[in-house]
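Please load the model in the viewer and keep the selection panel at hand. The tour begins with the whole chain and then moves from residue to residue.

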Amino acid sequence: MALQPLRAQMPVAERHAYFDHAAVAPIPNVAAERLRGYAEEFSRNGDKNWLESAKIVHQLRSGLAQLLGASESEVALVSNTTQGINLVAEGFPWKSGDNVVIPENEFPSNVVPWRNLQRLGVELRTLTVPADGALSLDALGQLIDSRTRIVALSWVGFSSGYRLDLSAAAELVHGRGALLFVDAIQGLGAFPLDVRACEIDFLAADGHKWLLGPEGAGVLFVRESLLELLTPLMLGWNSLADGGFDPRSTRLKTTAARYEGGSTNMPGMLAFEASLGLLLSLGTRRSDSPIATAILENVAILEESLKTAGFEVHLPVASENRSGILGVDWPGMEPFSARKHCLTNDVILSVRGGRLRVSTHAYNDRSDIDRLVAALATARILQSN
C-alpha cells in the first residue's frame, strides 16, 4: 500500500513503475528543487551565500544523528559507503595475525577493503551463507576468535534481501571481544535503526538508495568511545579544529567530522538533507515507521501477485528478516533480456545473483505492481517463443 504523501513527492511515479531502489533511487521533488536552487544561486552569486549552504549541511548532520539515534559528534559526512568502510578499515590499529570476519555474499565494497588488509598480515575469514541469504549467528560465532578485531556485516543483503537482527549480531560479536561494523545502505531509510540500542560500533551508508538522496552523499557513524581508536585518513583543512585556514594548525576536530578531510559535495549534501528531512517528517525514525510498514505491505502484495502469475519468488520466510528486496525468476528465464523488456515498458528493476531483483519503496502502489507483473508475464511469453 503506497504512502501517498511520499508518492506525491516522486515525479518518477508519473511515468515509471520504479522497483530499483536497491540500485539507485530517484529523488523526490524537494531534493530536485534543492539541486536546481543551488545551481541557480551559485551561477549568479558564486560562494557569496556559502554560509547559508553550510547551515543546511549542519542540519543534515543533525538529521542523520536523529535518524541513527546517535550524537552529531559521531557522524561524518562521506561521499559513499565505500569511503566510510575504508576510513574504518585503513584507520584501525591492526597487528599482524589479526583477522576480520565477513559473510561470503557481501557486496564487493564490504569485501575489498578488508581483503586489502592482507598486506598488513590481517586474515580475512568468510562465512558460508546459503542461497537464501539467511545468516546463521551460530556459524558466524565459530569463525570469531581472540584475534578477531572486526566483524563486518550488511544489515540487508543486496541480492537476497535478508535483513539481519543487528542487536543479536552485536551481542554475539561483543561477547567474543570484537567490534561490529555495519554496511547499512540497503536498510537505512526503509527501516528504523538505533545504533545505541543495537550497540553498533561503526556504520556506513550512502544516501542514494532507500534514503532517496543523490549519489555522492553518505554517512559514516563511529561510536564516540572509538573516535580516538581510528587513525584519521585523508586529512585536510576540514579536519582541523581551528577553522581550517591556518597552515600551522595541528589540532584536529574531536568529532567524527575529522574524517571528512576536504570540501564536501555541497549540492549533493544539500539535496540529501532535503530527502532526509522528508523521510523524517513521514516517520521513518519511529519504531512503527509508516515507511517500513508500506514497504513490507508492498513486498507481501508482490509475493502474492507474482506467485499467482506463476513466477518463482525468492525472499526470507520470516517477516522480521524481510526487506524491500525480493528475487523473481522462472524456468529458462534470461534475466537480462527480461530486464530489457521491462525497461522498454518503463518498469525499472535490476538483475542480481542470476535473478531479477525487485526493490520496492513506500510510494509504490498497486498500479505499479500490476505493471510489473504484466511486463514480466509478457517477457516470459516472448522468451518461450
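A residue is called buried when its relative accessible area is under 20%, exposed when that area is over 50%, and partly exposed in between. By this criterion, 55% of the 385 residues of the protein chain count as buried. Please note that this is a predicted model.

**The whole chain**

Select the protein chain and colour it by secondary structure: 12 helices and 13 strands should appear. Along the principal axes, the C-alpha atoms fill a box of roughly 70 × 60 × 35 Å. The radius of gyration is 21 Å, which agrees with the value near 21 Å that a compact globule of 385 residues would have. Of the contacts between residues at least 6 apart in sequence, 71% join residues at least 24 apart.

Now switch to a surface representation. The accessible surface of the protein chain comes to about 16100 Å², and 52% of this area belongs to carbon and sulfur atoms. If the charged side chains are coloured next, 35 positive and 43 negative ones can be found. The centres of these two sets lie 3 Å apart.

**Valine 219 in strand 8**

Select valine 219, which is placed in strand 8 (residues 218–222). Is this valine 219 buried or exposed? Its relative accessible area is 0%, so valine 219 is buried. Display its surroundings, leaving aside residues up to four places away in sequence: valine 219 touches Leu64, Leu68, Val75, Ala76, Val78, Leu188, Leu203, Ala204 and Ala205. For a distance across the chain, pick leucine 153, 66 residues away along the sequence; its C-alpha atom and that of valine 219 are separated by 16 Å.

**Two residues with positive phi**

Move to glutamate 199, in the loop between helix 8 (195–198) and strand 7 (202–206). Phi of glutamate 199 is near 60°, a positive value in a residue other than glycine. With a relative accessible area of 43%, glutamate 199 is partly exposed.

Continue to leucine 212, in the loop between strand 7 and strand 8. Here too phi is positive, near 60°, and leucine 212 is likewise not a glycine. Leucine 212 has a relative accessible area of 1% and is therefore buried.

**Glutamate 260 and proline 267**

Select glutamate 260, found in the loop between strand 8 and helix 9 (266–281). Why does glutamate 260 count as buried? The cut-off for a buried residue is under 20%, and glutamate 260 has a relative accessibility of 14%. Apart from residues up to four places away in sequence, glutamate 260 touches Arg61, Val75, Ala76, Leu77 and Asn238. Val75 and Ala76 also appear among the residues that valine 219 touches.

Helix 9 holds the next stop, proline 267. Proline 267 is partly exposed at 26% relative accessibility. Beyond its neighbours within four places in sequence, proline 267 is in contact with Leu35 and Tyr38. Add serine 53 to the selection: although 214 residues separate serine 53 and proline 267 along the chain, their C-alpha atoms are 8.8 Å apart.

**The cysteines**

A disulfide is a covalent bond between the sulfur atoms of two cysteines. How many disulfides does a search of the whole structure find? The search finds zero. To close the tour, select cysteine 198, which counts as buried at 13% relative accessibility, and then cysteine 342, which counts as buried at 0%.

Conventions
Residues numbered from 1 in each chain as written. Predicted model: local features only at pLDDT ≥ 70, side-chain atom pairs only at ≥ 80, totals over all residues. Heavy atoms only, no water. Helix = DSSP H or I, 4+ residues; strand = E, 2+ residues; numbered from the N terminus. Buried < 20%, exposed > 50% of the residue type's maximum accessible area, 1.4 Å probe, protein only. Contact = heavy atoms within 4.5 Å. Rg over C-alpha atoms; globule rule 2.2 N^0.38 Å. Areas by Shrake-Rupley, 256 points an atom, 1.4 Å probe, with all protein chains shown as cover. Lys, Arg positive; Asp, Glu negative; His and termini not counted. Charge placed at Lys NZ, Arg CZ, Asp CG, Glu CD. Disulfide = S-S within 2.5 Å.
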